[in-house]
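Open the model in your viewer and keep the sequence panel in sight. This tour moves from one selection to the next.

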Amino acid sequence: MEPLVDLTPDFRPSTTTPLQSTPRWKKSLANVVRDPAELCKLLHLSDIDAAELGKACADFPLRVPRGFVDRMTKGSLSDPLLRQVLPDAAELVETQHYSTDPLDELDANTLPGLLHKYTGRVLITLTSSCAVHCRYCFRRHFAYGDNRLGDSAWQNLLDYIERDTSITEVILSGGDPLNLPDSILVSRVADIERIAHVTRLRLHTRQPVVLPERIDDTFLSWLGKSRLNRVMVIHANHANELDHSVEKALRAVASTGTTLLNQSVLLDGVNNDANTLVALSERLFTCGVLPYYLHLPDRVQGTAHFHVSDERAHQLQSAMQARLPGYLVPKLAREVAGESSKQHL
Ligand SMILES: *Cc1c(COP(=O)(O)O)cnc(C)c1O
Ligand code: SF4
């Protein structure tokens, strides 16, 4: 058996600092690729104008962990992982009926950092930062960067949850909550655990996929100890994202008794294809993850080139249904502002 967590030489506890060495994932996070020219070089893409790419990412910078880049095919501009992170001049095109806040989230923010749109569950944006910047992200127009929820905002939000006994599930989202150091995550979750009517904790995170070293022993032992029923909803759009290191991380999360689900976004040029979606579902299951939602992309300015029509989405879902057991077919979903749940198509 392989160990669940790699201990590379630089992370082996040294004799001088036995406890406080920087976790390996933080080094990876600090070392993500941010320069379009460097990304092109790493992938042997010589015919791209990196200066043009720079313009497309002025508002929403390029950001991609090196381990994720390693899973891309060199020399291929159409690589489905590259397509998700590579800035594109098409992002600068203004499209009619596309908005910068299609879900009216700026209104639904009951309190800063808290969205209470659906009965029984609240969604908390603990941080606005992510390890990766996905070009199709609807949050691309929000204030990105390392905006963390401060202590007084956090206390207001705890009071809100405490007052409303119908809230049984707390969803930590972002950004990516696993971008936060363990110390913050541990203290925030401990506060939630003290509220008796909360029974479920959900983590919405892309980290196990884009930065699997985040799932280290410290994180795993903490996760396993929570009194809450835990659900981790990861985000992968293509089977190639789920390499061996990701599988190991996900299996380790599952071994803590945490239920694993995946949400994908249906994206032209990435997974707008039945074979690709079938392969994704099968690969997810091998990693111990069930498909949950396949989201139709929101109409966000700068993302129209990823758009897939409703008709095509229905075709793809029928094709999946014809080829997969029911539990491996994700629900086709869309978020509609003001509705009492996600809209299932
Ligand atoms: C998506 C979402 C949820 C979770 O919805 P589920 O259907 O339970 O997965 C909860 N709150 C908000 C604000 C959301 O956007
Ligand atoms: S990880 Fe999620 S929140 Fe972060 S940029 Fe990607 S889609 Fe957006």
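## Stop one: ligand 1

This is a predicted model. Begin with Tyr293: one of its polar side-chain atoms is 2.6 Å from an oxygen atom of ligand 1. Next, select Tyr292. Here too a polar side-chain atom sits 2.6 Å from an oxygen atom of the ligand. Add Glu335, where the distance from a polar side-chain atom to an oxygen atom of ligand 1 is 3.2 Å. How much of ligand 1 does the protein bury? On its own the ligand exposes 390 Å², and the protein buries 93% of that.

Now select the whole shell around ligand 1. From the earlier part of the chain, take Leu115, Lys117, Tyr118, Arg121 and Leu123. Then add Ile171, Arg202, Tyr292, Tyr293, Glu335 and Lys342. Colour the shell by class: 6 residues are nonpolar, 5 are charged and none is polar. Turn on a surface if your viewer has one. Ligand 1 takes up the space of the largest pocket.

Which elements give two or more residues to this shell? They are strand 2 (114-118), strand 3 (121-125) and strand 8 (290-295). Strand 2 gives the largest share, with 3 residues.

## Stop two: the hairpin

Stay with strand 2 and strand 3. The two run antiparallel and are joined by 3 bridges. Select Leu114 and look across to its bridge partner in strand 3, Ile124. Then move to Tyr118, which stands opposite Arg121 in strand 3. Both Tyr118 and Arg121 were in your ligand 1 selection.

Now go to the turn. Strand 2 and strand 3 make a hairpin, with 2 residues between them. Click on Gly120 in that turn: its phi is positive, at about 90°.

While the strands are on screen, recall a general point. Side chains in a regular strand alternate between the two faces of the sheet.

## Stop three: across to strand 4

Add residues 169-173, which form strand 4. In which sense do strand 3 and strand 4 pair, parallel or antiparallel? They pair in the parallel sense, over 5 bridges. To see the pairing, select Val122 and find Val170 opposite it in strand 4. Ile171, from the ligand 1 shell, falls within the residue range of strand 4.

Follow the chain onward to Gly174 and Gly175. The peptide bond from Gly174 to Gly175 is cis, with omega near 10°. Gly175 belongs to the loop between strand 4 and helix 8 (182-193).

## Stop four: ligand 2

Centre the view on ligand 2. How many residues surround it? There are 7, and Cys130, Val132, Cys134, Cys137 and Arg206 come nearest. By class, this shell holds 5 nonpolar residues, 1 polar and 1 charged. The space that ligand 2 takes is, again, the largest pocket.

## Last stop: an unusual loop residue

Jump back along the sequence to His44. Where does His44 lie? Look in the loop between helix 2 (36-42) and helix 3 (50-56). Check its backbone angles: phi of His44 is near 55°, a positive value in a residue other than glycine.

Conventions:
Residues are numbered from 1 along each chain as its sequence is written. Chains are lettered from A and ligands numbered from 1 in the order in which they are written. This is a predicted model: local features need pLDDT of at least 70, side-chain atom pairs count only at pLDDT 80 or more; totals for chains, interfaces and linings use all residues. Side-chain values use heavy atoms; hydrogens and water are left out. A residue is near a molecule or strand if one of its heavy atoms lies within 4 Å of it. A polar contact is a pair of N or O atoms within 3.5 Å; within protein, one must be able to donate a hydrogen and the other to accept it, and residues adjacent in sequence count only if both atoms are side-chain atoms. Accessible areas come from the Shrake-Rupley method with a 1.4 Å probe; for residues, only the protein chains shown count as cover. On a 1 Å grid over the protein atoms alone, a cavity is a set of points where a 1.4 Å probe fits but cannot get out, and a pocket is an open set with protein on both sides within 12 Å along at least five of seven lines; lining residues have an atom within 4 Å of a point. A molecule sits in a cavity or pocket if more than half of its atoms lie within 2 Å of its grid points. Helices (H or I, at least four residues) and strands (E, at least two) are DSSP runs, numbered from the N terminus. Ala, Val, Leu, Ile, Met, Phe, Trp, Tyr, Cys and Pro count as nonpolar, Asp, Glu, Lys and Arg as charged, and the others, Gly among them, as polar. Two strands pair if DSSP finds at least two bridges between them.
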